[in-house]
Amino acid sequence: MTAQITNPVSGAEALTSTPGPAPSPPPSRLRRLARAALPGPAPGANGAAMYRRWWLPWLWTAPAVVCAVVFGVFPFLNTVLLSFTNAKPLGGAASFVGLDNYTRMLQDDDFWLATRNSILYAVIVVPLMVLLPLMLAVLVEKNLPGIGFFRSAFYTPVLASSVVVGLSWQWLLADDGLVNTWLEKAHLIKSAIPFLSDSWLILLSAMGLTLWKGLGWYMVFYLAALGNVPKELHEAAQMDGAGAVRRFFHITVPGVRTAMMLVGTLTGIGSLRVFTEIYMLGSSTGGPGGADRTLPFYIRDVGLDPITGNAGYGSAVSVALFALTLGLTLLAQRLTKEDES
Amino acid sequence: MSTAAVDKRRRLMPRWRDYGRPRELLVRYLLLLLVLGLTVGPLLWQLLASLKGTSEDVFGANATLLPHDPTLRAYRTVFDQVPVWSYIQNSLIVVALSVTSQLVFSTTAGYMLSKPAWKGRRAVWVVLIASMMFPFESIMVSLFISIRDLGLVDSLAGVWLPGFVGAINVMLMRGAFLAVPREIEDAAMLDGTSEWQRFRYLYLPSAWGAIMVVVINTFISAWDDFLWPLIVLRSEANMTLTLGLSRLQSSSFGYDQRMVMAGSVISVVPVLVLFVITQRWFYRGVASGAVKI
């Protein structure tokens with residue numbers, strides 16, 4: 001490359017002077033600059049475009065690269081760095097504290113509680129989220145009259161934001177809410193079930209909310225996969241007298257195995273990210289005394305509170321969350337590989 | 001009507017028994033209705049409750065499902081007492097900024113990454129993949145500090161900036177551009193088109209489906225986002241709709257549930273409209289495998 005290219009603008013001007021595909025009146029300076037920033041014609045060997053201006057692909061990919069670096073890679077490296085300091089979220093002097101944050105973390109009961117909640121969330125939600133939407137997809141797969149309406153309707157919870165859905169559930173599950181009222185009317189219970197004040201019930205309700213909101217999404221996901229299961233297998237099995245349940249477990253499930261592994265991985269990672277459900281059902285404290293806080297919730301509480309927050313400690317917990325996510329991803333990858341071989 | 005015509009109609013219009021045995025059909029529809037009640041029920045109940053007047057109980061032993069005397073009073077109250085317009089405006093600003101930047105920069109980057117002939121695309125690719133490895137929740141502390149250093153705390157730009165352009169969308173666009181047959185591009189080149197023309201008139205229209213997926217996914221995630229706005233925004237004037245709604249609940253307004261219900265309905269409407277207009281692209285977005293729970 002010649003020296004003129006070290007300055008992109010002057011380089012561009014020099015390069016636009018080479019003959020273009022069609023003769024045109026001398027363009028204005030602005031237009032020349034604009035044209036320099038757009039890829040020009042230059043068919044190269046075997047049809048691949050060769051770029052006369054070497055920096056053009058960089059220019060076109062620059063925003064994505066900058067965003068990935070500034071808001072993806074750098075924050076992670078910075079999180080690791082911060083976890084060795086006692087930085088404050090709103091600024092001020094920060095000093096190096098070595099491994100203090102990590103030793104504090106290991107002795108912090110609230111951290112372990114949040115970790116337990118997050119892991120519990122994944123353990124309970126993942127199997128259900130792998131199976132329930134699949135069953136739903138089987139139910140809506142057959143083209144019956146009005147099935148399009150049902151498919152769309154089952155998808156609507158996906159469209160509502162977690163906050164809206166949370167509000168709705170808050171009142172469904174309140175002591176004098178719809179669920180308790182109906183159960184009392186049916187004489188199934190004597191006093192209201194404390195869905196929103198008992199820490200275990202809050203956690204379970206939040207899981208229910210996650211499942212309810214994800215059902216439609218993964219139903220559509222499975223519908224695509226179900227298209228690849230040969231219909232003949234079902235027909236043959238039906239001829240042999242296999243019932244719907246047996247066909248589900250012996251034909252459908254093996255047929256969509258890959259999709260199930262993927263759904264398991266995605267929902268596992270998603271479970272570790274739960275925040276809004278807990279915030280909406282367990283209030284802004286995250287359940288009574290913070291007993292229902294998940295790891296993201298705990299990170300926000302300890303790391304980002306404007307007054308008491310310690311960004312250094314929050315970063316240490318963030319690193320733990322990342323390690324957990326990475327571990328889960330690797331585990332899922334390994335299981336998928338074993339499953340394939 | 002002649003028998004032949006009746007026969008023809010029969011053949012064109014499937015009869016119920018063509019769909020299976022009656023008992024199986026009955027079970028299927030009962031299950032469908034049950035799931036319908038479970039999925040849409042809570043949202044429908046929210047809508048119905050928002051239409052109730054103050055004299056009617058929203059819940060408790062005396063509450064009925066249908067409002068006796070439907071009224072839009074709750075909608076008027078929520079607009080009178082809470083700056084809903086300002087919330088909606090703020091949400092729309094974030095959505096518009098995100099959709100625009102995601103669309104422009106994921107197509108340009110995706111296009112270049114679909115082209116083989118430049119050095120460094122592997123490096124770009126690696127950086128993009130790497131940026132996807134970190135869950136947002138595990139870098140949000142550091143992200144907040146970056147936003148603070150940029151002086152963007154409590155600003156809509158601060159909410160928008162981290163979602164400027166996502167690697168997942170770049171990859172989606174790259175895949176769509178790779179699917180354009182080489183022969184068509186070669187033919188266009190022989191016609192003496194510039195690369196910009198090919199990008200604009202060949203590649204972009206071919207990738208229409210992927211573009212819609214990017215728009216829809218960005219729209220919904222920006223409109224529904226909660227945790228990041230909760231961290232960045234402080235003042236009432238800058239709050240987005242999800243934040244405003246969540247505050248409605250905890251403030252004294254929470255006692256008038258009809259009002260909060262009305263607010264929720266307002267927030268669902270734009271997404272619902274988008275869904276109805278672009279339904280088939282919606283489903284493609286799911287198939288693209290974006291992380292969602």
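The exercises below, each with a worked solution, deal with a predicted model.

**Exercise 1. Describe chain B by its helices and strands, its burial and its contacts.**

Begin with the secondary structure: chain B has 15 helices and zero strands. Next consider burial, where 40% of the 293 residues of chain B count as buried. Finally, turn to the contacts in chain B with a separation of 6 or more, of which 74% are accounted for by residues 24 or more positions apart.

**Exercise 2. Find how many residues of chain B are in contact with chain A, and sort them by class.**

The first step is the count, which gives 86 residues of chain B in contact with 89 residues of chain A. The second step sorts the side of chain B that touches chain A, and here there are 54 nonpolar, 21 polar and eleven charged residues.

**Exercise 3. Work out how α3(A) and α6(B) are oriented towards each other, and which residues make their contact.**

Start from the geometry: helix α3 of chain A, residues 56–82, packs with helix α6 of chain B, residues 136–149, at an angle of about 100°, and their axes are 8 Å apart. Angles of 65 to 115 degrees count as roughly perpendicular, and therefore α3(A) is roughly perpendicular to α6(B). On the side of α3(A), the contact is made by A:F71, A:P75, A:F76, A:N78, A:T79 and A:L82, while α6(B) contributes B:S138, B:I139, B:V141, B:S142, B:L143 and B:S146. Sorted by class, the residues of the contact of α3(A) with α6(B) are seven nonpolar, five polar and no charged.

**Exercise 4. Carry out the analysis for α6(A) and α9(A), adding the handedness of the crossing.**

Helix α6 of chain A, residues 147–159, and helix α9 of chain A, residues 199–226, pack at an angle of about 125°, with 7 Å between their axes. Because this angle falls in none of the ranges for roughly parallel, roughly perpendicular or roughly antiparallel, α6(A) and α9(A) are oblique to each other. The crossing in which α6(A) passes α9(A) is left-handed. Among the residues that make the contact are A:F154, A:Y155 and A:P157 of α6(A), together with A:W212, A:L215, A:W217 and A:M219 of α9(A). By class, the contact of α6(A) with α9(A) has nine nonpolar, two polar and one charged residues.

**Exercise 5. Identify the residues that touch the most other members of the largest nonpolar core, and follow A:A64 to its partners in chain B.**

The largest nonpolar core has 151 residues, and A:A64, A:M219, A:Y222 and A:V317 touch the most other members. Looking at A:A64 next, its contacts include B:F105, B:S106, B:A109, B:L128, B:V165, B:A167 and B:V170.

**Exercise 6. Decide whether A:H187 and A:S283 are exposed or partly exposed, and place each in its loop.**

A:H187 lies in the loop between α8 (178–185) and α9 of chain A, and its phi is near 55°, a positive value in a residue other than glycine. Since 7 other C-beta atoms lie within 10 Å of A:H187, this residue is exposed.

A:S283 is found in the loop between α13 (276–281) and α14 (295–304) of chain A, with a positive phi near 65°. Here 17 other C-beta atoms lie within 10 Å, so A:S283 is partly exposed.

**Exercise 7. State how many residues of α10(A) are buried, and what follows this helix.**

Helix α10 of chain A, residues 231–239, is hardly covered, since the count of buried residues among its nine residues is zero. After α10(A) comes A:G241, whose phi is positive, near 85°.

Notes:
Residues numbered from 1 in each chain as written. Chains lettered and ligands numbered in written order. Predicted model: local features only at pLDDT ≥ 70, side-chain atom pairs only at ≥ 80, totals over all residues. Contact = placed C-beta atoms within 7 Å. Nonpolar A, V, L, I, M, F, W, Y, C, P; charged D, E, K, R; others polar. Axes fitted to C-alpha atoms, helices over the stretch in contact; angles between N-to-C directions. Helix = DSSP H or I, 4+ residues; strand = E, 2+ residues; numbered from the N terminus. Parallel < 35°, antiparallel > 145°, perpendicular 65-115°, else oblique. Left-handed = near helix turned anticlockwise from the far one by under 90°. Core = buried A, V, L, I, M, F, W, Y, C linked by C-beta atoms within 7 Å. Buried ≥ 20, exposed ≤ 12 C-beta atoms within 10 Å, placed from the backbone.
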